[in-house]
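Colleague: I'd love a close look at one part of this model, namely how its helices pack against one another. Please take me through it residue by residue, and then show me how that part sits in the whole chain.

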Amino acid sequence: MALAHLQQVPEIPLESWIESFVDFITSETFEGFFDALEGSLNLLVDVLETGLTALPPLVMVVVFAVLAWLVSNWRIALLTVAGLLLLQGLGLWEDAMLTLALVIASTAVALVVGIPLGIVAAKSRGVETVLRPVLDFMQTMPAFVYLVPAIVLLGLGAAPALVAVVIFAMPPAVRLTMLGLQQVSKETVEAASAFGATGWQTLRKVELPLAMPTIMAGVNQVIMLSLSMVVIAALIGAGGLGEEVYQGLSQLDVGKSFKGGLGIVIIAILLDRITRNIRGSARGAGSGMKTA
């Protein structure tokens, strides 16, 4: 009995620690901060959704097609027209635009935070050592877990959904920015320094352009993860195509849930093809710099 007692590992009260922490940050001390954060995030999504639905759907199809042609090619523009007309025909236009607004907002926030973090981590071994386990934690934690603290802190709606999506989708932006910069050859960096370039000039004019194909791969991954998480975020009232799937699931309506899923697939294909073409252009520019 004594030996068994000695071998027993003390129980770690992780659950009560986390509950105490949540009670602390949800106290009146931080109430103003979270109210401001919720208002700002809701405003960002509302502005994007209003912009995407301000014009008639057919006009927006033309706008999207022109944008796809400018950043990629005419084949992607035709694919964009076909995909968006299919969404309109399925009666999913409004939900698709809300989903697109959430993806754009969450991707923008994830990149604004993630790319600078990746740059800092690429330049500092200490920061990289601290960030790697944090990123592992963020990527391996089940996606549904992020919804609970988001609801507790920000309530229901687009704001908590956006926070959960950003946490889930940001790691590829950090990792691939860091990887891209670390793959730039030391000889190239030393050559830039030898010609008198400062650290900032070397980063901006040499390292970032050469690392851009890898960084764009990270952007592509952030967009795809954001889209997948936006669907899950429908459980906390984010709306959009995810709600169509969720309603179909709760009502055992196969047709409704398949229609919502098809809409998500269409948006995923369009965003993937467009960002892949942008990455291809960046790779060409990077190869040109290496050749020069």
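Modeller: Let's start where α3 meets α6. From helix α3, Leu44, Val45, Leu48, Glu49, Leu52 and Thr53 touch Glu94, Met97, Leu98, Leu100, Ala101, Leu102, Ile104, Ala105 and Val109 of α6, a contact being heavy atoms within 4.5 Å. Sorted by class, the contact of α3 with α6 holds twelve nonpolar, one polar and two charged residues. Here Ala, Val, Leu, Ile, Met, Phe, Trp, Tyr, Cys and Pro are nonpolar, Asp, Glu, Lys and Arg are charged, and the others, Gly among them, are polar.

Before going on, please keep in mind that this is a predicted model, in which local features need pLDDT of at least 70 and side-chain atom pairs count only at pLDDT 80 or more, while totals for chains, interfaces and linings use all residues. Residues are numbered from 1 along each chain as its sequence is written, and side-chain values use heavy atoms, with hydrogens and water left out.

Now the geometry. Two packed helices are described by the angle between their axes and the distance between the axes. For α3 (residues 28–53) and α6, the axes come within 9 Å and cross at roughly 135 degrees; each axis is a line fitted to C-alpha atoms over the stretch in contact, and angles run from 0 to 180 degrees between N-to-C directions. The two helices, α3 and α6, are therefore oblique to each other: under 35 degrees counts as roughly parallel, over 145 as roughly antiparallel, 65 to 115 as roughly perpendicular, and the rest as oblique. The crossing of α3 and α6 is right-handed, meaning that the near helix is turned clockwise from the far one by less than a right angle, whereas anticlockwise would be left-handed. The helices themselves are DSSP runs (H or I, at least four residues), numbered from the N terminus, and strands would be E runs of at least two.

Helix α6 (residues 93–123) has another partner, α12 (residues 199–232): their axes come within 9 Å and cross at roughly 140 degrees. That pair is therefore oblique as well, and α6 passes α12 in a right-handed crossing. On the α6 side the contact uses Thr99, Leu102, Val103, Ser106, Thr107, Ala110, Leu111, Ile115, Ile119 and Lys123, and on the α12 side Leu203, Glu207, Leu208, Ile215, Val219, Val222, Ile223, Ser226, Leu227 and Val230. This contact of α6 with α12 has 14 nonpolar, four polar and two charged residues. Leu102 of α6 takes part in the contact with α3 and in the one with α12.

A further pair is α4 (residues 57–71) with α5, packed at about 155 degrees with axes 8 Å apart. That makes α4 roughly antiparallel to α5, and their crossing is right-handed. From α4 come Pro57, Leu58, Val61, Phe64, Ala65, Ala68 and Trp69, facing Trp74, Ile76, Ala77, Thr80, Val81, Leu84, Leu85 and Gln88 of α5. By class there are 13 nonpolar, two polar and no charged residues in the contact of α4 with α5.

Gln88 belongs to α5 (residues 74–89) and is partly exposed, at 33% relative accessible area; buried means under 20%, exposed over 50%, and partly exposed in between, with a 1.4 Å probe and protein chains only. Setting aside residues up to four places away in sequence, Gln88 touches Pro57 and Trp93.

As for the wider setting, the chain has 14 helices and zero strands, and 38% of its 292 residues are buried. Its C-alpha atoms fill a box of roughly 75 × 60 × 40 Å along the principal axes. Of the contacts with a separation of 6 or more, 77% join residues 24 or more positions apart.

An unreviewed UniProt entry places "domain: ABC transmembrane type-1" at residues 96–275, in the numbering used here, with feature names shortened and annotations that may be inferred rather than shown by experiment. In the model, that span is 84% helix and 0% strand, with end C-alpha atoms 18 Å apart. The entry's "transmembrane region" annotation covers several stretches, including 52–70 and 100–123.
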